[in-house]
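Here are some short exercises to work through with the sequence and model at hand. Try each task before reading its solution.

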Amino acid sequence: MGQVVCLKLGACEKRLEGDDVSMISRIERTTLIRVLAMGWIWIAGVSVNGQSLDEVWRQINRGEYPEAERQALSGLRSTREEAPWAEAAVTAMLAQGKDKEAAANAISWARYDRRGLRLRWLAVETAKRIGDEDTVQMILFEMNQRVSRSRSGFETPEDLVVIGKMALELGADAKLVMKNFFEPVREKSPAVRSLYLAAGELSVAKGDFALASKWYQWGDEEFPADPEMALGLARCFAESDAAQAGIWIEKALERNPGHVGTKLLLVDMMLNSESLSKSLELLDEIEEVNPLCPEMWAYRAAIAHLQNDPDKEEVCRKKGLELNPLNARVPYVIGMKLSQQYRFREGSNYQRMALAMQPNFLPSKTQLAQDLLRLGKNDEGWKLAEEVHQKDGYDVTAFNLTSLKENLESYVVRTNAHFIVRVDAREADILADRALEILEIAYENLTTRFGWVPPEPTSIEIFSSTADFEVRTFGMPNIPGYLGVCFGPVITANSPSTTRMQSVNWESVLWHEFCHTVTLGATRNRMPRWLSEGLSVFEETQANPAWGIQLKPQFLQWIEDGDLLPVSELTSGFMNPKTPAHIEFAYYQSSMVVKYLLENYGDELMADLLKDLSRGMEINDALEKNYQSVDRIDRDFTQWLGSELKLITGSLTFARNPARSNPINPFGASTSKNPLLEESIPSMRVEDTSNNYWTLISAAMKHLEADELDAAEAIAQKITSQYKQPREMPNPLWILAEVQRKRQNPEKKERFSTNGHKLKSCPSTSINGSSNWLNPVRIGPLSKNSVGNNSLSIPFLSNPIKNWPWRMRGCPTSLRHTSTGIKPCPWHHPERPTFITKCLNCPGYPTRIVPMGTSWNRSRMPRATARHSRSSGFGTNNLKIKIKTMVNRRFIPRVYHSQWLVPTPIR
């Protein structure tokens with residue numbers, strides 16, 4: 001067997017490298033080959049015993065597997081063209097869990113086939129499913145020998161697809177296989193089903209979901225009734241666009257209501273939303289169709305682990321390995337789902353189990369590398385990532401991680417007894433000490449409050465490049481929206497110098513993420529996402545009223561529209577929101593549920609709840625034990641929230657016109673945008689307005705645009721007399737400021753008129769973002785007897801990278817370049833009540849200031865952004881994509897992150 005084990009590419013390698021063996025050129029030159037290819041298509045459609053092969057495939061697509069198997073076996077015995085009928089028979093057998101029977105038949109048929117390669121490859125695939133590796137290697141060796149002896153004997157489109165898959169199995173370059181085998185076949189013979197499945201699966205395996213979606217879309221155009229094509233497209237969108245994935249899932253289930261692969265994908269998505277009961281119902285349906293499906297038992301094992309049932313977990317794991325005891329995919333799936341639920345240690349143990357079965361199983365190596373990096377075991381994690389990259393240069397995640405490691409070598413490390421902070425060397429003097437200071441305060445507060453102390457220093461990594469942050473966090477760049485992510489012992493965050501942090505307090509992000517570290521540790525990572533996020537947002541507001549997710553008019557509208565989720569389904573608001581903007585609403589609702597529990601039941605019961613979760617109790621049972629039943633909590637919370645909001649909004653209403661509401665896809669985001677004030681509301685006079693917030697704001701804005709200042713002021717004052725916490729722009733306080741700006745006399749340079757104090761008294765909870773403070777500072781003229789600019793710019797000092805607030809306070813800029821990087825400006829005088837016109841004449845005014853998003857930040861974008869973010873063709877961008885690209889993600893964990901900046905929806 002030594003010769004078989006050392007199998008090389010042989011003829012396949014020559015075909016891949018030689019210029020004289022262009023597959024498509026032979027097909028163009030040889031008329032006979034074209035005739036044979038057309039002849040096969042004709043033979044395949046011939047009726048055998050009254051049943052055509054096309055009808056058999058229609059039965060398979062509809063899920064009528066037993067009848068399709070019977071007809072395919074009958075056709076196989078009645079025709080000399082065995083391969084097409086054999087493929088149909090094996091497909092029907094595998095769909096029913098008859099893997100051993102399918103393998104035995106395929107191996108037997110291949111033994112007597114002397115014409116082509118398809119039956120032999122069918123034998124290879126089925127033998128792999130049952131773990132017969134010796135048979136796999138022997139058949140591959142024989143296939144390679146056949147191709148070597150007859151270089152022109154295997155030129156049909158189906159044979160070329162088989163040779164391409166065989167070359168991949170023998171370690172050929174994926175890009176060359178795609179170029180020399182799959183792409184030429186599609187150009188000349190597009191009606192080959194196996195081509196689209198092979199090319200799509202190859203693209204998915206390499207993490208190139210944009211290219212995979214192209215292949216599956218082409219396949220769906222050729223085979224519009226095939227559920228496998230719809231499933232492939234759903235997989236491409238599953239992590240980036242739940243709504244689009246839902247559309248393709250629906251199409252796949254319409255074509256085949258019992259399609260196992262589609263239901264497995266749906267189970268995977270539901271587990272991400274912590275919908276364990278619904279996942280189990282789907283798994284029961286899968287078991288009725290295929291009782292031996294390994295992935296189905298792997299998901300059952302993962303759910304049993306999450307339900308703290310180790311005995312059932314072990315039974316399910318063994319059932320998943322019944323067909324093939326060395327099937328590394330079973331522990332890989334279990335470990336991946338545990339890691340997505342933040343059980344990184346348990347997940348990494350399963351990946352080690354998978355590698356013990358198959359030492360070269362690269363998906364487990366990649367996953368294990370990410371798990372170790374998230375656990376702070378950097379040396380082993382980076383080593384594994386480099387190992388995967390060396391063996392597979394087109395593994396997107398491994399490439400990105402190895403590129404990131406090079407960038408991190410320039411980062412500065414600052415430590416104390418409890419934290420390890422890594423930050424870009426050019427920002428270290430500005431950020432590192434302040435980060436340690438705020439984290440130390442959070443450590444003293446949160447560890448005392450929750451009664452849990454991290455056993456080792458927590459690692460904080462602050463990235464000056466959003467692409468670096470995304471690669472470190474997800475393995476992929478171009479994943480918008482995240483500000484910071486906590487993995488427990490490791491926290492990643494964006495630097496305030498990045499454009500993503502322009503309206504967010506970076507200190508609140510650090511506080512939020514470290515609260516996750518403490519609560520996850522206190523519960524041994526066994527808490528639902530809504531509770532973890534709710535506690536972190538609530539603790540932010542306890543530390544500083546300016547932090548956390550604040551009430552917005554949009555939230556009030558959704559509450560009136562009935563968008564409040566039951567507590568038992570609150571996690572789905574993060575994973576499958578109605579619209580991207582609803583994610584922030586899920587944060588707000590979670591924090592309000594936590595506030596309700598703490599205010600009405602006290603801190604002790606919350607501590608008991610966390611202890612019960614750490615022991616493995618499910619959240620609903622723990623809530624009922626310590627508080628009330630989940631249904632009772634839902635009812636009482638809704639009443640409490642209504643009374644709380646009434647105190648803030650008075651008699652104002654926030655519902656919109658139902659006729660202008662957007663259709664919502666049941667699987668995820670809205671199919672169309674829903675911006676504030678999407679449609680203009682006709683202008684009206686004060687006496688004609690109702691108590692609807694949107695109507696009043698629209699009317700005030702129209703009066704303001706028409707310079708009807710008295711009317712605009714009256715409406716704005718009417719709103720502020722009832723609504724105590726205005727947010728977003730435009731809001732009534734901003735309208736009042738604009739009224740005063742238009743009324744003021746430039747010669748007198750009065751700062752504000754009588755209503756100016758309302759702007760200064762704008763609630764402190766507004767200073768987390770910049771918009772509520774930026775406008776007042778810029779609107780009012782300066783006066784020597786006023787320190788308004790000095791005080792109003794204070795909130796911006798929480799972002800030390802910004803420069804204009806320092807100038808407002810009497811300093812030309814907060815930063816300047818030195819030989820060692822960026823330093824605080826030496827001319828900064830925080831308490832000097834000067835103003836801009838004088839400050840511009842300060843000695844030493846630098847010729848270059850450092851605003852956010854400067855060129856040196858963009859130059860830090862890793863190579864991964866250009867090569868492996870939304871690539872098409874394994875690292876190239878030279879192919880036009882007919883559909884919109886989506887974010888490429890092989891694994892996106894269930895992250896706990898800070899406030900969500902709603903990104904543009906990816907379609």
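The exercises below concern one strand with its partners, and then the cysteines, in this predicted model.

**Exercise 1.** Find how many residues of strand β7 (residues 490–494) are buried, and sort them by the way they point.

*Solution.*
- Start with the cut-off: a residue is buried when its relative accessible area is under 20%.
- Count along β7: 5 of its 5 residues are buried, and the strand is mostly covered.
- Now sort by direction: Val 490, Thr 492 and Asn 494 point one way, whereas Ile 491 and Ala 493 point the other way.

**Exercise 2.** Work out in which sense, parallel or antiparallel, β7 pairs with strand β5 (residues 458–463) and with strand β6 (residues 484–486).

*Solution.*
- Take β5 to begin with: β5 and β7 are parallel and share 5 bridges. Here, Glu 461 lies opposite Thr 492 of β7.
- Turn to β6: β6 and β7 run antiparallel, joined by 3 bridges. Gly 484 has Ala 493 of β7 as its bridge partner.
- Finish with the link: the hairpin of β6 and β7 has 3 residues between the strands, and Gly 488 in this hairpin takes a positive phi near 110 degrees.

**Exercise 3.** Explain why Cys 515 does not form a bond with Cys 486.

*Solution.*
- Recall the chemistry: a disulfide covalently bonds the sulfur atoms of two cysteines.
- Apply the cut-off, which asks for two cysteine sulfur atoms within 2.5 Å.
- Check the distance: the closest cysteine sulfur to that of Cys 515 is in Cys 486, 9.2 Å away, so the gap is too far for a bond.
- Look at the surroundings too: Cys 515 is buried at 0% relative accessible area, and Cys 236 is buried at 2% relative accessibility.
- Close with the count: the model has 0 disulfides.

Technical notes:
Residues numbered from 1 in each chain as written. Predicted model: local features only at pLDDT ≥ 70, side-chain atom pairs only at ≥ 80, totals over all residues. Heavy atoms only, no water. Buried < 20%, exposed > 50% of the residue type's maximum accessible area, 1.4 Å probe, protein only. Helix = DSSP H or I, 4+ residues; strand = E, 2+ residues; numbered from the N terminus. Pairing = 2+ DSSP bridges.
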